[in-house]
Amino acid sequence: MKILIADDHDLLRDTLVLFLEGQGGFETATAADFDAACASIRSDGPFDLVLLDLNMPGMNGLSGLSRALEFDGGQRVALMSGEATKEIAQKALDAGAAGFVPKTLPAKSMVNAVKFMAMGEQYAPLDFMTADETGPAHPLADKLSERELQMLKGLTEGKSNKEIARDFDISEPTVKLHMKTLYRKIDASNRTQAAMIAREAGLF
């Protein structure tokens with residue numbers, strides 16, 4: 001299956017590529033913004049599935065999705081986001097998207113979702129579309145403080161220390177201190193490994 005992953009966060013793209021190619025049967029290409037995704041479709045397409053980040057440069061929200069769906073005779077396009085509401089997800093599905101993928105989806109579920117969509121089906125996680133805005137409890141979460149969970153969630157969404165610091169109105173050195181403690185508690189040696197542990201565990 002040939003998959004294009006378009007997202008402006010390097011960590012998220014790299015993590016998804018690692019998981020998909022690790023499963024075998026996937027050929028991946030990446031892009032950091034909407035224009036680069038369109039260029040990739042022209043030069044490397046067609047793809048079995050194009051995954052577009054809702055908030056990356058050039059997307060302009062759902063209008064980018066509509067443009068991608070019409071591009072080059074039609075593509076199977078799915079939307080992914082760490083912040084979108086259920087309403088936006090539903091609008092994307094109604095517009096003809098192959099699916100909606102929350103960035104907090106566990107890694108195995110993400111791989112299965114990509115397979116499902118690439119084979120022609122429409123996907124949206126039932127728990128996301130129907131659940132209240134609360135996250136499930138998890139054994140790993142018991143080890144972490146609320147602030148450390150916020151740091152880890154930021155990592156799984158591919159955010160930099162600077163972006164995480166801005167999100168929670170704290171300094172970058174404070175973020176680094178939390179990260180150091182976080183790595184120790186979940187036995188991770190770097191950002192990518194921490195994000196992969198969180199995704200595999202389905203922490204969020």
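**The second largest pocket and helix H10**

The second largest pocket is lined by Asp8, His9, Asp53, Asn55, Gly82, Glu83, Lys103, Glu157, Lys159, Glu163, Arg166 and Asp167. The model in which this pocket is found is a predicted one. Besides the pocket, this briefing takes up helix H10, which runs over residues 172–186.

**The pocket**

- The space in the second largest pocket comes to about 170 Å³.
- Nine residues of its lining are charged and three are polar, while no nonpolar residue takes part.
- Helix H9 contributes three residues to this lining, and that is the most given to it.

**Helix H10: length and end**

- With 15 residues at 1.5 Å a residue, H10 should span 21 Å, and because its end C-alpha atoms lie 21 Å apart, the model agrees with that expectation.
- Just after H10, Asp187 adopts a positive phi of about 60°.

**Helix H10: buried and exposed sides**

- Val175, Met179, Leu182, Tyr183 and Ile186 are the buried residues of H10; they cover an arc of only 100° around the axis, which means that they sit on the same side of the helix.
- An α-helix has 3.6 residues a turn, so residues three or four places apart point the same way.
- The other side of H10 carries the exposed residues Pro173, Leu177, Lys180 and Arg184.
- Among the elements that cover the buried residues of H10 are helix H7 (139–142), helix H8 (146–156), helix H9 (161–168) and helix H11 (191–201); H9 is thus named here as well as in the lining of the second largest pocket.

Conventions
Residues numbered from 1 in each chain as written. Predicted model: local features only at pLDDT ≥ 70, side-chain atom pairs only at ≥ 80, totals over all residues. Heavy atoms only, no water. Helix = DSSP H or I, 4+ residues; strand = E, 2+ residues; numbered from the N terminus. Expected span 1.5 Å × (residues − 1). Buried < 20%, exposed > 50% of the residue type's maximum accessible area, 1.4 Å probe, protein only. Arc of directions from axis to C-beta. Contact = heavy atoms within 4.5 Å. 1 Å grid on protein atoms, 1.4 Å probe; cavity = no way out; pocket = protein on both sides within 12 Å on 5 of 7 lines; lining within 4 Å. Points joined across faces, edges and corners; volume = space filled by probe spheres on them. Nonpolar A, V, L, I, M, F, W, Y, C, P; charged D, E, K, R; others polar.
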